[in-house]
Amino acid sequence: MKQRLLFLGPPGAGKGTQAERLCNAHGLMHLSTGDLLRAEVAAGSPLGQEAEAVMNRGELVSDELVLAIVEKRLSTQAGGWLLDGFPRNVIQATALEPLLAQLKQPIEAVVLLELDDAVLIARLLARGRADDNEAVIRNRLEIYREKTAPLIDHYRQQGLLTSVEAQGSVEEICSRIEKSLN
Ligand code: ADP
């Protein structure tokens with residue numbers, strides 16, 4: 001299976017759930033910028049204090065901040081990895097390229113998890129995280145469309161994109177993803 005992966009898809013598509021399964025099954029490092037930022041918030045670190053209000057509005061934290069987090073982890077990782085929630089805009093994707101080139105670790109596949117808006121919103125409301133109320137969810141979906149969705153074409157043009165239907169049971173979706181990575 002491919003070893004250096006990136007997940008794309010709207011909030012609520014199940015990226016975190018699928019990433020965790022896939023990484024456990026195949027020994028990849030799961031690098032979720034959302035999880036790492038939430039850990040900083042929980043620890044009350046200066047970085048977490050800076051990120052918390054932005055995250056609770058559903059907006060993106062600064063590119064410098066997430067880039068620093070990602071760079072530190074990727075440069076100390078010898079094996080495979082899965083980037084989840086990063087890059088989230090063209091600036092982050094552009095900054096990632098020279099870093100991976102320097103590490104001689106190019107992305108092998110980008111998995112796009114696709115799901116209808118109505119299902120996404122229902123899933124997020126059921127989850128009930130601090131940034132999962134209806135107004136903030138709409139803001140996150142809008143930011144996804146505006147900032148993150150352009151990356152779909154970016155990676156399609158590089159021949160890296162594979163689309164997976166993200167509706168069904170966790171197991172079904174997981175095996176669809178694995179098939180797309182062989
Ligand atoms: P979801 O996939 O449900 O949107 P995440 O856990 O990926 O949730 O992200 C939660 C929040 O963390 C985002 O709304 C944003 O504020 C912040 N965040 C996560 N990753 C990034 C990133 N790469 N760039 C900027 N902000 C980010």
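## Helix 2 and its surroundings

Welcome to a tour of a predicted model, starting at helix 2. Strand 2 (29-32), helix 3 (46-56), helix 4 (63-74) and strand 3 (81-84) are among the elements that cover the buried residues of helix 2. Those buried residues are Thr33, Gly34, Leu36 and Leu37, in a helix that runs over residues 33-43. Looking down the axis of helix 2, you will find its buried residues within an arc of 165 degrees, so they line one face of the helix.

What does the face turned away from the buried side carry? There you meet the exposed residues Ala42 and Ala43. After helix 2 comes Gly44, with a positive phi near 65 degrees.

## Around the ligand

How many residues surround the ligand? The count is 19, and the closest are Thr33, Arg38, Glu59, Gln92 and Arg140. Thr33 is also one of the buried residues of helix 2.

Three side chains are worth a look for their polar atoms. For Arg38, such an atom lies 2.8 Å from an oxygen atom of the ligand. For Arg127, a polar side-chain atom is 3.2 Å from a ligand oxygen, and for Lys15 the corresponding distance to a ligand oxygen is 3.4 Å. On its own the ligand has 550 Å² of accessible area, and the protein covers 96% of that.

## Nonpolar cores

The largest nonpolar core holds 32 residues, and within this core Leu8, Leu74, Leu96, Ile107 and Tyr155 touch the most other members. Helix 4 supplies the largest share of this core, with 6 residues. Another core lies apart from it; this one has 22 residues, including Phe7, Cys23, Leu28 and Leu120.

Leu96 is a handy place to start exploring the larger set. Setting aside neighbours within four places in sequence, Leu96 is in contact with Leu6, Leu74, Leu83, Phe86, Pro87, Ile107 and Tyr155.

## A cis peptide bond

Two of the contacts of Leu96, Phe86 and Pro87, deserve a second look of their own. The peptide bond that joins Phe86 and Pro87 is cis, with omega at about -5 degrees. Pro87 sits in the loop between strand 3 and helix 5. As background, most peptide bonds are trans.

## The loop between helix 5 and strand 4

Is Gln105 buried or exposed? Gln105 is buried, at a relative accessible area of 11%, although its place is in the loop between helix 5 (90-103) and strand 4 (109-114). Not counting residues up to four places away in sequence, Gln105 touches Arg4, Gln77, Ala78, Trp81 and Leu100. With Trp81, the side chain of Gln105 makes a polar contact of 2.7 Å.

Lys104 is found in this loop too, between helix 5 and strand 4. Unlike buried Gln105, Lys104 is exposed, with a relative accessible area of 70%. Its backbone also stands out: phi of Lys104 is near 55 degrees, a positive value in a residue other than glycine. For context, most residues other than glycine have a negative phi.

## A long span

To finish, look at Ala25, which lies in helix 1 (residues 15-26). Ala25 counts as exposed, at 54% relative accessibility. Where does Ala25 lie with respect to Glu134? Along the sequence the two residues are 109 residues apart, and in space their C-alpha atoms are 34 Å apart.

Definitions and conventions. Residues numbered from 1 in each chain as written. Predicted model: local features only at pLDDT ≥ 70, side-chain atom pairs only at ≥ 80, totals over all residues. Heavy atoms only, no water. Buried < 20%, exposed > 50% of the residue type's maximum accessible area, 1.4 Å probe, protein only. Helix = DSSP H or I, 4+ residues; strand = E, 2+ residues; numbered from the N terminus. Arc of directions from axis to C-beta. Contact = heavy atoms within 4.5 Å. Polar contact = N/O pair within 3.5 Å; in protein donor to acceptor, adjacent residues only side chain to side chain. Core = buried A, V, L, I, M, F, W, Y, C linked by side-chain atoms within 4.5 Å. Near = heavy atom within 4 Å. Areas by Shrake-Rupley, 256 points an atom, 1.4 Å probe, with all protein chains shown as cover.
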